Structure formats: structure tokens, C-alpha cells
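Hi,

Here is the structure I promised to pass on. Have a look at it first, and then read on for my notes.

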Amino acid sequence: MSAQPSDSSPGVLATARYGKDKVRVFRVVRDPASKVHHIVEYNVTALLEGDIATSFTQADNTVVVATDSIKNITYYLAKTSPHILDPTRFALHLGTHLVSKYAHIHKSFITVEQLRWARIAEDGMPAPGHTHAFWRDGNEKKYVQVEIDGTKGKEALVAKVEGGLRDLLVLKTTGSAFESFVRDEYTTLVEVDDRIFSTSVDLSYTFAPFPVRAPTDEKKVTFEAAAVGKEAESGGAWDGEKVSALARSITLDVFARDESASVQATLYKMAQRLLAESAEVQSVRYVLPNKHYIPVDMKYIGVDNTTPSAADVFVPVDAPSGLISATISRGG
Ligand SMILES: O=c1[nH]c(=O)c2[nH]c(=O)[nH]c2[nH]1
């Protein structure tokens, strides 16, 4: 942050970033030949850093690209970008557009959160299903976070990409235990070799930074797909959509199959599998609430519902929940 005027202010501007949050975008892409429509729904956040200190310290709006303009650029690219159906490439396109267009803007931070829409498939309908009718098949959100760093010059942009998903709600009715934990004067929890395990998965994973080319045309719409991943000096070629699908399926598969000793141990296995199966992923972070389901005690009416093998009526407990998180980074 640039130096500030020596006035009587007791503080200095240490960091500053601004932009538009929750830009809601729905886009339909119609294929005239097949008559198949493709859709995406995004919540976009686009934030900027650069030589903007005086807008905070001296009420100098001449350095401010209005957040309203940032919103308009987001919609302009939703209309014109050839990458709109791919959230990673769209985020890279928007981020490079902003940094390359404004000389005094040196970094952009783009988050594209994608809401689910699945094609309706009626009985006997050929794949991929209905051409233009969709349904919301879950509240889970996929997201990508992109940082475009132009501090080494507009011809030497560097992209940092993080992908992830949140609110993937899962539950299993067996294959989960929790035993041998610390027992002391505060312990009331009983050890169980069989319990319900439910969590709302929050997952993120990072890629190695890679160089990315800014759009070269005046309107900044010719951002090239080839500049994504393929030209990465470290990290190699990767496809954000493929990694995202793999991360989701590994999460579900490990959750379902693991004979879980704890949320912690299952989390670790999920992360190791993603690192093993996706060479381009550098680190994996899970945040897993342990959503408790407590067997209802029916001893007062002489019914056993608390020994694990007899427990089949539970109270789903919203709060409090456990909260287990870890980041597992590629070693070596
Ligand atoms: O998988 C678990 N991990 C914990 O740390 C914990 N603590 C707790 O009370 N129940 C559980 N379950």
C-alpha cells in the first residue's frame, strides 16, 4: 500500500480491496444444430487491488472503477466470453480482463460459485435428456476462486486457482465408530462401534500458480482457452471441470466406503485420494461439521433404543455440531 499523507490519523491503510459481490448471472447457450440448450447459474464476486489507496485516504474517486462498472463487465463477459460454460475459464477471463484493461489495477480476485441445474430426463429419453428443461438437483455449490496477479507487468500475469465445493450434505447409517478417545472427569460421551455419520462437506483444493495471457483485443473477449493450465510452467495441463468432478466423486466414494474411525480419519483418506488421483492438485482442505444424530432414550417406557444395534430412532441435532478441518499438502 502506498505511503499516506502525514496528517493526524492514528492509523495507516494496510490493505485495501474492493469490488462487487453476489453478481447473479444466468446464461443460456443455444446450439442451433442440435436444438440443445446449455445453462449455467453463477454467483460472481469480482474484487480489485491496485493503486487505489487515495480513494480511501483522500476521498479521491478518480482511481475508482465503480463497482457498478465491475458488475457491467461481468455481464458483458457473460454475454461474449466463449468460456461462459466453464467456471474456471470464465473466472480467468474476467480476472485477466479487469487487470489488463485498467493500468492502475494490479490484481483481481474472482469467485464464481455455480448453482446446480440438471437436465430433466423422462423415461426413454435419449441422453443427455431434455433439450431445454432442467431441475435443481441439490443445494450443493461448486466454486472456483481465481487470483490474477499483474504486479510483474501486464505481459506477465500469473494466475492462482483454487477449486472447491460446499454444502454437499451426506449421511451414512453404519460404517462409522468413535472409540478410545480421551476419558476424564468431563467425559459423558459413550464409545460406539456403530453410529450415524453425517456431514456437510466443504472442500477446497489448490493448483500451482501458472502464467496466463491477457486478452489482446480492445474489447478483451479473445482470452484463449489454451492459456488455461496447458501453458502452466508448473502444474501442467489440467481441466478445472474434470478435477471438480473427480473431487466430488472421490469425496462421496470415500465417505460411503470407509469404515470410519472418526471424522478426522475419514477426512484424511478423502484428501489423500484426491492428491493420489489428481497430479495437478497441490493441497486439499476439508471442513467437515459432525452433524450429530442422537438415539432417543426410551428407557422410561422400557424400550431399548440406545444400544447401537437397537438404535433406530434419532434426534437430528442442528447445534452444537463438531467441526473438523485439515489441509493436506503434497509432500516432497
Ligand atoms: O469423529 C468424531 N471426532 C471427534 O473429534 C468427536 N468428538 C465427539 O464428541 N464425537 C466425535 N466424533
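To start with something you can check by eye: is aspartate 68 buried, partly exposed or exposed? Aspartate 68 counts as partly exposed, because its relative accessible area is 39%, which falls between the 20% and 50% cut-offs. Do keep in mind as you go that this is a predicted model.

Aspartate 68 also has a partner: it makes a salt bridge with lysine 71, and the closest N and O atoms there are 2.8 Å apart. Both residues sit in helix 2 (residues 67-80), three residues apart, or about one turn of the helix. Lysine 71 is partly exposed too, at a relative accessible area of 24%.

That pair is part of a longer list, as the structure holds 20 salt bridges. Another of them joins arginine 24 to glutamate 41, with 2.6 Å between the closest N and O atoms. Arginine 24 belongs to strand 1 (residues 18-30) and glutamate 41 to strand 2 (residues 37-50), so this pair ties together parts that are 17 residues apart in sequence. Glutamate 41 is buried, with a relative accessible area of 11%.

Then there is lysine 141, whose side chain meets that of aspartate 167 in a salt bridge (3.0 Å, N to O). Here the link is between distant parts of the chain: lysine 141 is in strand 6 (residues 141-149) and aspartate 167 is in strand 7, 26 residues apart. Aspartate 167 is partly exposed, at 35% relative accessible area. Elsewhere on the list, Arg116, Asp137, Glu140 and Arg248 are joined into one network by salt bridges that share partners.

Now for the nonpolar side of things. The largest nonpolar core has 63 residues, and the ones with the most contacts inside it are Val44, Ile110, Tyr205, Val284 and Tyr286. If you want to zoom in on one of these, try tyrosine 286: leaving out residues up to four places away in sequence, its contacts include Val201, Leu203, Leu267, Met270 and Ile324. Asp202, Thr251 and Ser325 are also among the residues that tyrosine 286 touches.

One last spot to look at is serine 176. It lies in the loop between strand 7 (158-172) and strand 8 (197-207). Serine 176 is buried, because its relative accessible area is 2% and the cut-off for buried is under 20%. Beyond its neighbours up to four places away in sequence, serine 176 touches Asp193, Asp194, Arg195, Phe197 and Ser260.

Cheers

Conventions
Residues are numbered from 1 along each chain as its sequence is written. This is a predicted model: local features need pLDDT of at least 70, side-chain atom pairs count only at pLDDT 80 or more; totals for chains, interfaces and linings use all residues. Side-chain values use heavy atoms; hydrogens and water are left out. Helices (H or I, at least four residues) and strands (E, at least two) are DSSP runs, numbered from the N terminus. Buried means under 20% relative accessible area, exposed over 50%, partly exposed in between (1.4 Å probe, protein chains only). Contact means heavy atoms within 4.5 Å. A salt bridge is a side-chain nitrogen of Lys or Arg within 4 Å of a carboxyl oxygen of Asp or Glu. A nonpolar core is a set of buried Ala, Val, Leu, Ile, Met, Phe, Trp, Tyr and Cys residues joined through side-chain atoms within 4.5 Å.
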